[in-house]
Number of protein chains: 2
Amino acid sequence: MTDITTSTQPGAVLRERAAVTERPTTVRPTVVVVGAGFGGLRAARALGRAPVNVVLLDRHNYHLFQPLLYQVATAGLEPEQIARPVRAIVRGQKNFEFRMVEVTGLDPAGKRVATDNGPVAYDYLILAVGGETNYFGLEGIARRGFGLKDIPDALAIRNHVLRRFEHAMLEPDPERRRAELTFIVVGGGPTGVEMAGALSELIRLVLVKDYPRLNVKDVRILLLEATDRLLGGMPARLGEAAAETLWRKKVEVRFGALVEDYDGERVRLKGGEVIPARSLIWAAGARAVSLTGRLGLPTGRQGRISVEPTLQVGAHPEIYVIGDAAYLEADGQPLPMMAPVALQMAETAAANVARQLRGEPTQAFRYRDPGSLATIGRNAAVAYIRGVGFKGFPAWVVWLIVHLIQLIGFRNKLFVLLNWAWDYFFYERAARLITK
Amino acid sequence: MTDITTSTQPGAVLRERAAVTERPTTVRPTVVVVGAGFGGLRAARALGRAPVNVVLLDRHNYHLFQPLLYQVATAGLEPEQIARPVRAIVRGQKNFEFRMVEVTGLDPAGKRVATDNGPVAYDYLILAVGGETNYFGLEGIARRGFGLKDIPDALAIRNHVLRRFEHAMLEPDPERRRAELTFIVVGGGPTGVEMAGALSELIRLVLVKDYPRLNVKDVRILLLEATDRLLGGMPARLGEAAAETLWRKKVEVRFGALVEDYDGERVRLKGGEVIPARSLIWAAGARAVSLTGRLGLPTGRQGRISVEPTLQVGAHPEIYVIGDAAYLEADGQPLPMMAPVALQMAETAAANVARQLRGEPTQAFRYRDPGSLATIGRNAAVAYIRGVGFKGFPAWVVWLIVHLIQLIGFRNKLFVLLNWAWDYFFYERAARLITK
């Protein structure tokens, strides 16, 4: 127990005393929230009026708006425009404390989270630790390909893509030059579709102006999808529309294409096809962060922690898991690893903690699908909202508005809107710096 | 000579032929410009109408507006807002080619520049390789302190400073916490003054809102100057005014303070004084980049290459050196390592190359001092222009206008102005992300 007394958290010391005497009524219980993504941040704010102390832990000091990450990767936005410091977001909340620490483990019996800065005690715990890229054990791809989950990923893709063009300019051998200019995107979900579309526009609308000596016929962009359709979560005709739009943007959409290996120079598909390419972006899978496997909690598919319908962990009713890290089925299907699920789970978890405090029974989570959207480029998107599918310019406008509204902070909204407007009218991309 | 034929530059092969036969009149001479800073970029553009091919080499793909780098370091601006891709800047120039390569050496006899992508042949060479931080052999400071010359430097300072506050929040020991929150800036020139002022405002106007538990009395900012005055290039009363303004911003300005060593935890001054501090920013010296010592050209003080008054290198009239990398005296004083010198030298060097092509004699460089400016914070600056010194709000407005005008690209101007306006009215800083 000595490690608790070395903790800097005042609540921990108070709770130690509470263990030997009666808990004083003035001590508010502590809710520790791990992760400042969509779920964790929403849960922390939903507890703003609850009679608790909220301690939010994250290894980064910012909240990231992941849905626009592909625009950072394609030089359209700056990282700062889609991220905001947690302390700035939650400035007004009196019962809130943020700590930039990395969570390393969990002691459910002692009700403590282990971090790189010592243990943090909790009365209730909401784990919103999120997801990471799932390479399904494909070593070569994990090492040589690029995921797209965080700011460093996005900047790595941006620098890598821009550098390919600089190298291509210096490459006298035509075969090697074409390999420099071949870009493979794997995965036909929303991320892969948006990434392939944005990459095509970056190259064919912007970079061609920067590289007057470039032969644009040397450029290839491939979108490889293992099944026979794009955007599996949407009706088939919207997936067809997306594929059609990508084709018009000169993206080679390939169905039934299973990637087996990548050595940084060549992609090998199942069936033996080999494509020389110096760039591979992997948007074909997600899993819960590996931390979930080290917490001593029961995990299911994709490394996600199995939860009750109330989002509580079976053996530990004071522990909740939400978002990408939680495994819960609805209508026999696992809930998707998407922002709306995390946001709605956060509301339920916060409400259930409040119910527990009042001695009421916790309630089951019910997911209300708000629909889904994917943009393919200028004036082109597909949308499926409340059972209605639409595409083209109307879907694109809806996409713009929905994303602007969801971005946190008026300053971010303003700068993103200005950037979009500028790029739209001038066919530009501001962030074309190779920074590493 | 085989290395030339392996070069990918068409001009190199053509010139090989020219060496054995008569030079065909249709072959334009090649001017290679090394460095895309103020001098190199201006020289390349000044040669836009000359009957030459211009090849600009830089290891980065962007031009950086260094005078605002301290605002990136203090979370006021994004790197992308003060930098612009070289290819975007010089898009319209027909006789221009850019190559992202690192120059590694020089063969003056063979008229070739060595790069990490093979040799590049030239008829005329303009070296604008710039400067770097001069630590005067102080090993500990070079290793543990921060320079401020490039984007990675600025981001390193930003991340380091913001992380100090996160660590201070987790630090129970008051002495160690105060060391976390002690920031040393060394050097009372414009960079040191601007850095100390901006750091003070970042902490006292912005971060105090992010860290409600922070005791602002734990924060110390020191500006250490070895002589007994700030802003040595300006009249004494402006230096006094700057020191006075910094004091009002709670910066401890110390004169006659010579830093001897720094181990990352403690700064040791000459005379034995020791100041515990986890941050040291070194703005006390500049020198030409170390590359200048590996070119086989005669170097003078600060590693700068000695040039004739015409900016030519004595033994090689086809080689020019400009900007921070050139050593030239005016009125018995070495010309300062500042942007105006580099820009004016670029004009002279480009004009002299044109004169050589026409068979005319080259002309001597004459520096016209445009004056100098330093901002200390909100509404506060000092200016010395055409012999007239002024300070306070008027100087601050002049500073704003001059810097906005000089920024390259309307988009950069717009976004920087918007950022400044926002920060001015809302006491904010957007770029408070810890990204590494």
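In this predicted model, the largest nonpolar core comprises 280 residues, and the residues with the most contacts inside it are I322(A) and I322(B). When neighbours within four places in sequence are left aside, the contacts of I322(A) are G39(A), A43(A), I126(A), A128(A), L311(A), A342(A), M345(A), A346(A) and A349(A).

Chain A itself is divided into two parts, domain 1 being made up of the segments 2-59, 101-132 and 287-357, and domain 2 of residues 139-284. Between the C-alpha centres of domain 1 of chain A and domain 2 of chain A there is a separation of 38 Å.

With respect to the arrangement of the two chains, a turn of 180° with a shift of 0.0 Å along the axis lays chain B on chain A with an RMSD of 0.0 Å. The two copies are therefore related as by a two-fold rotation axis. The same surface serves both copies, in that 100% of the contact residues of chain B recur in chain A.

The contact between the chains draws 31 residues from chain A and 31 residues from chain B. On the side of chain B that touches chain A, at least two residues are supplied by each of β4 (83-85), α5 (86-89), β5 (96-100), α7 (151-170), α9 (190-210) and α13 (410-426) of chain B. Of these elements, α7(B) provides the largest share of that side, with five residues. Classified by residue type, the side of chain B that touches chain A contains 16 nonpolar, five polar and 10 charged residues.

A further feature of chain A is a succession of paired strands centred on β26(A), which spans residues 380-385. Because five of the six residues of strand β26 of chain A are buried, this strand is largely enclosed by the rest of the structure. Strand β25 (residues 372-377) of chain A runs antiparallel to β26(A) and is joined to β26(A) by five bridges, and within this pairing L373(A) has A383(A) of β26(A) as its bridge partner. The two strands β25(A) and β26(A) form a hairpin with two residues between them, and N379(A), which lies in the turn, has a positive phi of about 65°.

On the other pairing of β26(A), strand β27 (residues 388-391) of chain A is also antiparallel, with four bridges between the two strands. Here the bridge partner of I385(A) is V388(A) in β27(A). The hairpin of β26(A) and β27(A) likewise has two residues between the strands, and R386(A) in this hairpin adopts a positive phi near 50°.

Key: Residues numbered from 1 in each chain as written. Chains lettered and ligands numbered in written order. Predicted model: local features only at pLDDT ≥ 70, side-chain atom pairs only at ≥ 80, totals over all residues. Contact = placed C-beta atoms within 7 Å. Nonpolar A, V, L, I, M, F, W, Y, C, P; charged D, E, K, R; others polar. Core = buried A, V, L, I, M, F, W, Y, C linked by C-beta atoms within 7 Å. Buried ≥ 20, exposed ≤ 12 C-beta atoms within 10 Å, placed from the backbone. Least-squares fit on C-alpha atoms with pLDDT ≥ 70 in both. Domains from an automatic or database assignment. Pairing = 2+ DSSP bridges.
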